[in-house]
Amino acid sequence: MQTKDKTIMRALAGEALPTPPVWMMRQAGRYLPEYRATRAQAGSFLELCYAPDLAAEVTLQPIRRYGFDAAILFADILLLPQALGADLWFVEGEGPRLSTITDAAGLAQLKPIEDIHDTLAPVYETVRILKRALPNETTLIGFAGAPWTVATYMIAGQGTKEQGPAKKLMYGDPATFDALMDLLTEATADYLIAQIEAGAEVVKLFDSWAGALPGALFHKYATDPARRIIQRIHAVHPAVPVIGFPRQAGEKVVPFVKQTQVAACAIDTNVDPAWAAATLQPLTCVQGNLDPTLLITGGGALTRTVQETAAHFADGPYIFNLGHGITPEADPANVDVMLRALRG
Ligand code: CP3
């Protein structure tokens, strides 16, 4: 099957499909016993990310089990800062930790952008393996974090609730902050182009903390970097669709879509599907936004919400997905319930 004929690609090209194509954010993850086994075999999460055979294996696991329409490359948004020279490690049960960048001197210690491919070569190898191993009809999605979201981790050294440290650098030392954002914008474009050249058919830009940007600065630090990254990708690969995910950006997703040329906008759980169908879907393909909590609780509420969500978007281009990542507590059997509700 040619790339353009795959269900996900048809939706991204603007077609309304009778049964929406479906995949899940974090579909390879700890809710699956086979993921936990492969992760144990790798030793740690980061070793798993950098072992192409095993990273390809965990990418394929949810495809084998559920037959999703898309596979998302197994990696992490924080591999890019690591490739730029930041220290990165994961604390069990807590999350990522990085060395911090708090001033111009810290920024100056990062590596030149062209060096990122040394560290990231195993990720490109994972993409090449997947390209050969995936079923014919399955779309391969590559990804990166958006500059703002990646910057929040590089500045704070960990996940933070309100993105306070990143905002303090943004206001307190705008020259350093802007230089970091520019560096991440260019490095992210290079990274995504390399994934495409290894075989990714679509790429997604995760701006998980976009909602923490003050309204007036959202354009500068979420929309504009996404616009520049997509422009660079399209200069060399004009047909490759990019999915944007400006999480919790509220009504600002509308100018985001108009100004970036995203082929689809992923919407988070907070967005009212009726509003998105009326306001966003005429502009672009919409992806989302089932509450991941329903995959823990299941039952009639899950079936009903899947069907109601899909019904809102039935008349336009749409990809069914969650509003955020599936959690470790989710019951794998509830994913089957979700798919039955959607596909009949
Ligand atoms: O299946 C997939 O979606 C592909 C792989 C993927 C992972 N992370 C694997 C992962 C993707 C697309 C991501 C994106 C990512 N990583 C984001 C953006 C999306 C979002 O969730 O908002 C962010 C913010 C990160 C950074 C990150 N990675 C955090 C904060 C954590 C710790 C929290 C957690 O869930 O444990 C991670 C770890 C991580 N990335 C895991 C996985 C499967 C769990 C690691 C483990 O196995 O212990």
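**Close-up views of a predicted model**

**View 1. Strand E8 sits between two pairing partners, E7 and E9.** E8 and strand E9 (residues 318-322) run parallel and share five bridges. Here strands (E, at least two residues) and helices (H or I, at least four) are DSSP runs numbered from the N terminus, and two strands count as paired if DSSP finds at least two bridges between them. Across that pairing, glycine 288 faces phenylalanine 320 in E9. Strand E7 (residues 264-266) is also parallel to E8, joined by three bridges, and alanine 264 stands opposite cysteine 285 in E8. To get from E7 to E8, the chain goes through helix H13 (residues 273-279), making a right-handed β-α-β crossover. Right-handed means that, with the strands pointing away from the viewer, the path from the first strand over the helix to the second runs clockwise.

A word on the model itself: it is predicted, so local features need pLDDT of at least 70 and side-chain atom pairs count only at pLDDT 80 or more, while totals for chains, interfaces and linings use all residues. Residues are numbered from 1 along each chain as its sequence is written, and side-chain values use heavy atoms, with hydrogens and water left out.

**View 2. Strand E8 has a cis peptide bond and is mostly covered.** Six of the six residues in E8 (residues 285-290) are buried; buried means under 20% relative accessible area, exposed means over 50%, and partly exposed is in between (1.4 Å probe, protein chains only). Look for the bond from glycine 288 to asparagine 289: it is cis, with omega near -20 degrees. Asparagine 289 is itself part of strand E8.

**View 3. Phenylalanine 68 is among the best-connected residues of the largest nonpolar core.** This core has 134 residues, and those with the most contacts inside it are Leu12, Phe68 and Met338. A nonpolar core is a set of buried Ala, Val, Leu, Ile, Met, Phe, Trp, Tyr and Cys residues joined through side-chain atoms within 4.5 Å. Leaving out residues up to four places away in sequence, Phe68 touches a list that includes Val22, Trp23, Met24, Pro62, Met338 and Arg343. Contact here means heavy atoms within 4.5 Å.

**View 4. Helix H10 carries methionine 181.** With 25 residues at 1.5 Å a residue, H10 should span 36 Å, and its end C-alpha atoms are indeed 36 Å apart. That expected span is 1.5 Å times one less than the number of residues. Methionine 181 has a relative accessibility of 3%, so it counts as buried. Beyond residues up to four places away in sequence, methionine 181 touches Pro147, Trp148, Ala151, Tyr221 and Pro225. Right after H10 comes glycine 199, with a positive phi near 135 degrees.

**View 5. Helix H11 bends at threonine 223.** The bend is about 35 degrees, and proline 225 follows within four residues; the angle is taken between axes fitted to the seven residues ending at a position and the seven starting there. The 22 residues of H11 (residues 215-236) should span 32 Å at 1.5 Å a residue, which agrees with end C-alpha atoms 32 Å apart. Its buried residues include Phe218, Tyr221, Thr223, Pro225 and Ile229. Among the elements covering them are H10, helix H8 (147-156), helix H9 (164-172) and strand E5 (202-207).

**View 6. Strands E2 and E3 form a hairpin with three residues between them.** E2 (residues 88-91) and E3 (residues 95-98) are antiparallel and joined by four bridges. Tryptophan 89 stands opposite arginine 97 in E3, and glycine 93 in the hairpin takes a positive phi near 80 degrees.

**View 7. The loop between H8 and H9 holds glycine 157 and glutamine 163.** Glycine 157 is buried, with a relative accessible area of 5%. Not counting neighbours within four places in sequence, glycine 157 is in contact with Pro96, Arg97, Leu98 and Thr100. Glycine 157 and isoleucine 101 are 56 residues apart in sequence, yet their C-alpha atoms are 7.9 Å apart. Glutamine 163 has a positive phi of about 60 degrees although it is not a glycine, and at 1% relative accessibility it counts as buried.

**View 8. Glutamine 261 lies in the loop between H12 and E7.** Glutamine 261 is not a glycine, but it has a positive phi of about 70 degrees. Is this residue buried or exposed? Glutamine 261 is exposed, with a relative accessible area of 57%.
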